[in-house]
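Reader: I am new to this structure and should be grateful for a close look at a single part of it. Please set that part in its wider context as well.

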Amino acid sequence: MDLPNNSSSLKPVTLLAIESSCDETAAAVIRSSNSNEKTFDLLSNVIATQSVHQKYGGVVPELASRAHQQYIVPVVKEALQVANVTKSMLNAIAFTQGPGLLGSLLVGSSFAKSLAFALDIPLVGVHHMKAHILAHFIEPPYPKFPFLCLTVSGGHTQIVIVRDYLEMEVIGQTLDDAAGEAFDKAAKLLGLPYPGGPLIDQMAQLGNAAAFAFPETNIPGLDYSFSGIKTAFMNFLKNNEQKNPDFAKDHLPDICASIQHTLVNMLVGKLEQAIDQTNITEVAIAGGVSANSGLRKVLQTNASNYGWNLYIPKLAYCTDNAAMIAAAGFFQYIMGKRATLAVSPQPRMPFRES
């Protein structure tokens with residue numbers, strides 16, 4: 001997709017981005033490079049994590065929105081200070097429009113709209129999952145178009161063909177639960193604190209992935225289903241704990257390694273099918289679960305064996321952050337996509353419409 005040939009697209013752009021889709025309050029500032037209007041420098045990336053949800057074993061939407069209200073002003077202030085940028089230097093403000101928790105999205109969108117109105121600068125609404133994909137353009141090496149992206153988070157699992165910065169097509173996705181949700185559910189059943197997915201990853205590195213076998217759901221096409229493995233894992237623990245109440249504690253590393261091995265196999269299996277069907281060997285991963293060491297290792301091995309060009313983001317850009325919102329907002333801005341002050345957050349924002 002060619003950029004518009006006008007003077008505004010050739011001027012440096014300083015953009016503030018705000019992320020508030022779930023339980024991370026984040027702000028980032030970027031500035032476009034003078035040498036190439038398609039690249040930018042990340043000047044700051046500030047994240048405030050909400051610890052209030054840990055004692056509840058998951059995100060409580062009302063508590064999340066209250067925490068966003070508490071954090072958003074100091075987080076934005078810090079992002080501007082770290083970037084050495086004043087509000088008057090901003091050319092645009094990007095924010096997460098959706099998908100996400102309604103109350104959380106409202107805080108971020110309301111703040112972004114108010115500041116854009118006060119500064120009389122453009123507003124850009126960003127699709128959260130597309131931002132995860134475009135996080136690959138925060139720092140080089142950049143994927144070459146077209147590329148396939150396996151996007152895996154607590155709420156989404158998708159295989160996307162990325163033809164250009166703003167041209168993407170979902171060719172496979174979960175029909176029920178997301179892979180990240182399966183990790184977190186398994187962790188909760190094992191008695192691990194929230195967020196449990198990273199803890200399963202840590203314990204898995206100490207265990208035997210072949211110790212226990214779990215059924216893999218394999219439905220036609222490139223779509224996923226993770227509800228079945230959640231049920232199978234729950235029944236597995238229940239049956240074994242009837243015989244030995246300390247079963248999970250006694251075999252924790254092996255259980256974690258086995259369930260992680262199964263989930264990673266399911267994710268990679270469909271991705272391999274997509275590569276075979278599309279003949280695209282530029283491959284990327286994105287989203288919170290892309291931080292999983294087991295998934296990274298398998299993909300790195302396969303890339304070496306099969307000749308893929310694999311792109312794995314830094315850990316800081318895997319989980320929710322504002323740098324990825326800034327990247328997506330930047331490309332939308334230079335392509336002339338704007339939001340009006342009448343824009344509303346969309347908790348179930350469709351992938352096609354952004």
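Is the crossing of H5 and H7 right-handed or left-handed?

Author: The crossing of H5 and H7 is right-handed. This is read from a predicted model, as is everything that follows.

Two packed helices are described by the angle between their axes and the distance between the axes. Helix H5 covers residues 179–189 and helix H7 covers residues 227–243. Their packing angle is about 15 degrees, and their axes lie 10 Å apart. An angle under 35 degrees counts as roughly parallel, and H5 and H7 are therefore roughly parallel to each other. On the side of H5, the contact is made by Glu181, Ala182, Lys185, Ala186 and Leu189. H7 contributes Lys230, Phe233, Met234 and Leu237. Sorted by character, the residues of this contact comprise six nonpolar and three charged ones, with no polar residue among them.

The pair belongs to a protein whose secondary structure comes to 11 helices and 10 strands. The radius of gyration of the protein is 21 Å, close to the 20 Å that the globule rule gives for 354 residues, so the protein is as compact as a globular protein of that length. Its C-alpha trace spans about 70 × 45 × 30 Å along the principal axes.

Two sheets may be described in turn. One is an open sheet of five strands in the order S3-S2-S1-S4-S5, with mixed pairing. Its edges are strand S3 (40–49) and strand S5 (123–127), each of which pairs on one side only. Within this sheet, neighbouring strands are turned by 20 degrees against each other on average, direction ignored. Helix H3 (residues 102–119) packs on the sheet and touches S1, S4 and S5, its direction making about 155 degrees with that of S4. Strands S1 (residues 14–19) and S4 (residues 92–98) run parallel and are joined by four bridges; Ile18 has Phe95 of S4 as its bridge partner.

The other open sheet also has five strands and mixed pairing, in the order S8-S7-S6-S9-S10. Here the edge strands are S8 (167–173) and S10 (309–311), each pairing on one side only. Neighbouring strands are turned by 25 degrees against each other on average, direction ignored. Helix H9 (residues 252–278) packs on this sheet, touching S6, S7, S8 and S9, and its direction makes about 160 degrees with that of S6. Strand S9 (residues 282–286) pairs with S10 in the parallel sense over three bridges, and the bridge partner of Ala284 in S10 is Tyr311.

Conventions: Residues numbered from 1 in each chain as written. Predicted model: local features only at pLDDT ≥ 70, side-chain atom pairs only at ≥ 80, totals over all residues. Heavy atoms only, no water. Pairing = 2+ DSSP bridges. Axes fitted to C-alpha atoms, helices over the stretch in contact; angles between N-to-C directions. Contact = heavy atoms within 4.5 Å. Parallel < 35°, antiparallel > 145°, perpendicular 65-115°, else oblique. Left-handed = near helix turned anticlockwise from the far one by under 90°. Nonpolar A, V, L, I, M, F, W, Y, C, P; charged D, E, K, R; others polar. Rg over C-alpha atoms; globule rule 2.2 N^0.38 Å.
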